[in-house]
Amino acid sequence: MELIEIAQLVTGIATLIVAIVLIWQMFIQKKTLDIAHDDADSNMSLYAMDTRSRTNEWFADKCTQEFLDKFDKGLDSLTKKEFIILKTYVLDTIRVLTTEYRLGRLTDNNMSYYRTHFTMELNLDNKLFRDYIEKYQLEPMHRSLSATSYGGFTEFLIEVWEEASDRKFELAT
């Protein structure tokens, strides 16, 4: 073997070793990214739960018996302060849910998480909440955004509201 052939062989072996090291580093990086993704999802879950807990505690603290008695009545029964309390609670709850959805949390074609939280946390079994959400949330969302915004989340919220209210959502004229 000549010197040039030996040099080419050594260069080829060195290139192969570098390629193997780079592939190994890619596998390590993929594992690191997977761990970081899991950590980020866990962190987002904990933050969402903390925000929900604080919002629910705040709302429960603000609910008087008179306010609770108005849950089966319309928006006209509320005082200005009760309206602001309701508005704050609903906005905070929807904000957390839409942010989770927008960030891709639990959207693996399983919308039951969002359906459950939207229905339960926003008390859709009560007329007061359904009326507020229709007038101050769904109508503005539907008017300002296309119904397919956030991958259809606005449309999904309308669907859940329709199920709870037993009527079809229509924009007020």
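Arg-115 is partly exposed in this predicted model, because its relative accessible area of 26% falls between the limits for buried (under 20%) and exposed (over 50%). Which residue does the side chain of Arg-115 meet in a salt bridge? The partner is Glu-163, and the N to O distance is 2.9 Å. This pair ties together distant parts of the chain: Arg-115 sits in helix 4, while Glu-163 belongs to helix 6 (residues 149-165), 48 residues apart. Glu-163 has a relative accessibility of 45%, so Glu-163 also counts as partly exposed.

Why might such pairs form at all? Side chains of opposite charge can pair when their charged atoms come close.

**A buried pair**

Now follow helix 4 (residues 112-121) to Glu-121. The side chain of Glu-121 joins that of Arg-52 in a salt bridge, with 2.8 Å from N to O. Here, too, the two ends come from distant parts of the chain, since Arg-52 lies in helix 1 (residues 3-62), 69 residues from Glu-121. Are Glu-121 and Arg-52 buried or exposed? Both of them are buried. They do not stand alone, either: Glu-100 is linked with Arg-52 and Glu-121 in a network of salt bridges.

**A pair within one helix**

Asp-92 and Arg-95 show another arrangement. Both are found in helix 3 (residues 80-102), 3 residues apart, which is about one turn of the helix. Their closest N and O atoms are 2.9 Å apart, and they form a salt bridge. Asp-92 is partly exposed because its relative accessibility is 24%. Arg-95 is partly exposed as well, with a relative accessible area of 47%.

Here are the three pairs side by side:

| Salt bridge | N to O distance |
|---|---|
| Arg-115 and Glu-163 | 2.9 Å |
| Arg-52 and Glu-121 | 2.8 Å |
| Arg-95 and Asp-92 | 2.9 Å |

How many salt bridges does a search of the whole structure find? The search finds 11, so you can look for others in the model above.

**A nonpolar patch**

Charged pairs are one part of the picture; nonpolar side chains are another. A nonpolar surface patch of about 920 Å² is made by Met-1, Ile-6, Leu-9, Val-10, Ile-13, Ile-17, Val-21, Trp-24 and Ile-28. Take Leu-9 as one of these residues. Leu-9 lies in helix 1, the helix that also holds Arg-52. With a relative accessibility of 46%, Leu-9 counts as partly exposed. That value is over the 30% that a residue needs to be part of a patch, so Leu-9 passes this cut-off.

Notes. Residues numbered from 1 in each chain as written. Predicted model: local features only at pLDDT ≥ 70, side-chain atom pairs only at ≥ 80, totals over all residues. Heavy atoms only, no water. Salt bridge = Lys/Arg side-chain N within 4 Å of Asp/Glu carboxyl O. Helix = DSSP H or I, 4+ residues; strand = E, 2+ residues; numbered from the N terminus. Buried < 20%, exposed > 50% of the residue type's maximum accessible area, 1.4 Å probe, protein only. Patch = residues over 30% accessible without salt bridge, like charges linked within 9 Å, V, L, I, M, F, W, Y side chains within 5 Å. Areas by Shrake-Rupley, 256 points an atom, 1.4 Å probe, with all protein chains shown as cover.
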